[in-house]
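This briefing is intended for a reader who wishes to examine a protein model at the level of individual residues. Please consult the sequence and the three-dimensional view alongside the text.

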Amino acid sequence: MKIRSKKYGALKAKYKALKRRVKSEEGIESDLIKIGNSTLVEKHKLNMCRLSCVSKFVSDLLDVVFGRDILANSSMKGIKSASKPPLPENKLNNVMSNTCEKFNVDVGTVGAAV
């Protein structure tokens, strides 16, 4: 049985409203922002990443950078027995460095969240 607080409901409603607004603006060419050294992401998608904690931000940012299909079929370093290829190292490093700068945490904390 899930118990939801009023704060959670308000956050969820705000997120859904933002998501609807972004979908309506998809026809408009969006601005790209460079994270790390070379990875470009859409500004409105980056703004939708949750900032409440490191793990939620990393999860959302990985989804923005790689997409769910790649994340579902890959792992951080690659698993030979499951034949899952590793995520592209340069993009993963850019995600990790951006998160370290934004939250002022070390790489180990971000790596654990990934």
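The points below move from the overall fold to particular residues and their surroundings. The model is predicted. Its secondary structure consists of six helices and two strands, arranged along the sequence in the pattern α-β-β-α-α-α-α-α.

**Overall architecture**

- The protein has 114 residues, of which 24% count as buried.
- About 8400 Å² of the protein is exposed, and carbon and sulfur atoms supply 52% of that area.
- When contacts between residues at least 6 apart in sequence are considered, 42% of them join residues at least 24 apart.

**Salt bridges**

- Two salt bridges are present in the structure.
- One of them pairs Arg50 with Asp60, with 2.9 Å between the closest N and O atoms. This pair links distant parts of the chain, ten residues apart: Arg50 lies in the loop between helix 2 (43-47) and helix 3 (54-66), whereas Asp60 belongs to helix 3.
- The partners in this bridge fall into separate accessibility classes: Arg50 is partly exposed, at a relative accessible area of 38%, while Asp60 is buried, at 14%.
- Arg68 forms a salt bridge with Asp63, and here the closest N and O atoms are 3.3 Å apart.
- Arg68 is exposed, with a relative accessible area of 65%; its partner Asp63 is partly exposed, with a value of 26%.

**Phe57 and its surroundings**

- Phe57 is located in helix 3 and is buried, with a relative accessible area of 1%.
- Beyond its neighbours within four places in sequence, Phe57 is in contact with Cys49, Arg50, Leu51, Asn98, Thr99, Lys102 and Phe103.
- Several of these contact partners recur elsewhere in this briefing. Arg50 is the residue that forms a salt bridge with Asp60, and Asn98 and Thr99 are among the buried residues of helix 5.
- The C-alpha atoms of Phe57 and Ala113 are separated by 9.2 Å, although these residues stand 56 residues apart along the chain.

**Cysteines**

- The structure contains zero disulfides.
- Cys49 is buried, with a relative accessible area of 6%, and is one of the residues in contact with Phe57.
- Cys100 is likewise buried, at 14% relative accessible area, and is listed among the buried residues of helix 5.

**Helix 5**

- Helix 5 comprises 15 residues, at positions 89-103. At 1.5 Å a residue, helix 5 should span 21 Å, and its end C-alpha atoms are 21 Å apart, so the expected and modelled values agree.
- Which residues of helix 5 are buried? They are Leu92, Asn94, Val95, Met96, Asn98, Thr99 and Cys100.
- What covers the buried residues of helix 5? The cover includes strand 1 (32-35), strand 2 (39-42), helix 3 and helix 6 (107-113).
- Helix 3, which contributes to this cover, is also the helix in which Phe57 is found.
- Just after helix 5, Asn104 adopts a positive phi of about 55 degrees.

Conventions. Residues numbered from 1 in each chain as written. Predicted model: local features only at pLDDT ≥ 70, side-chain atom pairs only at ≥ 80, totals over all residues. Heavy atoms only, no water. Helix = DSSP H or I, 4+ residues; strand = E, 2+ residues; numbered from the N terminus. Buried < 20%, exposed > 50% of the residue type's maximum accessible area, 1.4 Å probe, protein only. Contact = heavy atoms within 4.5 Å. Areas by Shrake-Rupley, 256 points an atom, 1.4 Å probe, with all protein chains shown as cover. Salt bridge = Lys/Arg side-chain N within 4 Å of Asp/Glu carboxyl O. Disulfide = S-S within 2.5 Å. Expected span 1.5 Å × (residues − 1).
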